[in-house]
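Thank you all for coming; I would like to walk through one chain this morning, moving from single residues to the whole. Please have a look at the display before I begin.

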Amino acid sequence: LYRHNEAYTWTNPTCCVHNVIIGKLWLEQYGTVEIVNHSTGDKCVLNFKPCGLFGKELHRVEGYIQDKNRKKLCVIYGKWTECLWCTDPTTYETYKKNEKRGGEQKKLKPSEDLIKSENDEADDMPEVQDTVQFIPGSKLLWRINCRPPNSSQMYNFTSFAVSLNELEKGMEAILAPTDCRLRPDIRNMENGNMDVASKEKERLEEKQRAARKERAKDEVEWHTRWFNQGTNPYTGTSDWLYSGGYFDRNFSDCPDIY
């Protein structure tokens, strides 16, 4: 984040896909995620809970943010499918102690759209027992947007995911000619021209094979244009690094791949 002079790296949770062979697919994320601010030394540790036998911990996330001296600055809790809240560690610990003693729990009322979203996920997916239990004084960090009404016909995509390949008026002037939004097979498929899309796909594949043969014939090595493999300056591991130049919007020497 150049504006704040901060650099972050993070690990990913384990993603488990259920019912690959039979039944409706549904996803479970579990494991520990660490997000490190390399400029300040602050770290966020998030524990994605495994579903468990009765689905009680389904989608739950708990964790904390600590400074470089390992002092906990705040606690984060919620569900990655619903919302995330943060509160100070003292308030969180007090709430947890009262909860164990059978203290009164204040729950968020789920909206009708959220309930439908949860119940539509899979036939034999563990039922969501409750929504996130609100701790007084917490600050809302993030809340999921409801999926569009036709998401079940669109692979359960969000509105954002559905619109990723949209080609709006005026965009062609600033996009690289290699941008996937300009692929003729995809464009025809989205327009419902399936026969044309299939023919275009075959044509593109043949064009790729021919280009590969020409490079092999001339012994020309293929190089990626906007990224190169190198050493991540923060982690010391091999990574893809931005080569620069894309946002100059000078695409005059881009290859004709479509």
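Does Tyr155 count as buried or exposed? Tyr155 counts as exposed, because its relative accessibility is 70%, where exposed means over 50% relative accessible area, buried under 20%, and partly exposed in between, with a 1.4 Å probe and protein chains only.

Before going further, I should say that this is a predicted model, in which local features need pLDDT of at least 70 and side-chain atom pairs count only at pLDDT 80 or more, while totals for chains, interfaces and linings use all residues. Residues are numbered from 1 along each chain as its sequence is written, and side-chain values use heavy atoms, with hydrogens and water left out.

Tyr155 sits in the loop between β10 (139-143) and α3 (159-162), and, although not a glycine, Tyr155 has a positive phi of about 60°. Helices here are DSSP runs of H or I with at least four residues, strands are runs of E with at least two, and both are numbered from the N terminus. Arg249, in the segment after β12 (238-242), also has a positive phi, near 60°, and is partly exposed, with a relative accessible area of 36%.

Turning to the interior, Ile76 belongs to strand β6 (residues 72-79) and counts as buried because its relative accessible area is 6%. Leaving aside residues up to four places away in sequence, Ile76 touches several residues, including Cys44, Leu46, Val61, Tyr64, Trp85 and Leu141, a contact being heavy atoms within 4.5 Å.

On the surface, Val17, Val20, Ile21, Ile22, Leu25 and Leu27 make a nonpolar patch of about 640 Å². Within that group, Val20 lies in the loop between β2 (14-18) and β3 (26-37), and counts as exposed because its relative accessibility is 59%. Patch members have over 30% relative accessible area and no salt bridge (a side-chain nitrogen of Lys or Arg within 4 Å of a carboxyl oxygen of Asp or Glu); nonpolar side chains (Val, Leu, Ile, Met, Phe, Trp, Tyr) are joined within 5 Å, and like charges within 9 Å.

For the chain as a whole, there are five helices and 12 strands, and 28% of the 258 residues count as buried. UniProt, in an unreviewed entry, lists residues 187-221 as "coiled-coil region"; in the model that span is 83% helix and 0% strand, with its end C-alpha atoms 30 Å apart. UniProt positions follow the numbering used here, feature names are shortened, and annotations may be inferred rather than shown by experiment.

Notes: Areas by Shrake-Rupley, 256 points an atom, 1.4 Å probe, with all protein chains shown as cover.
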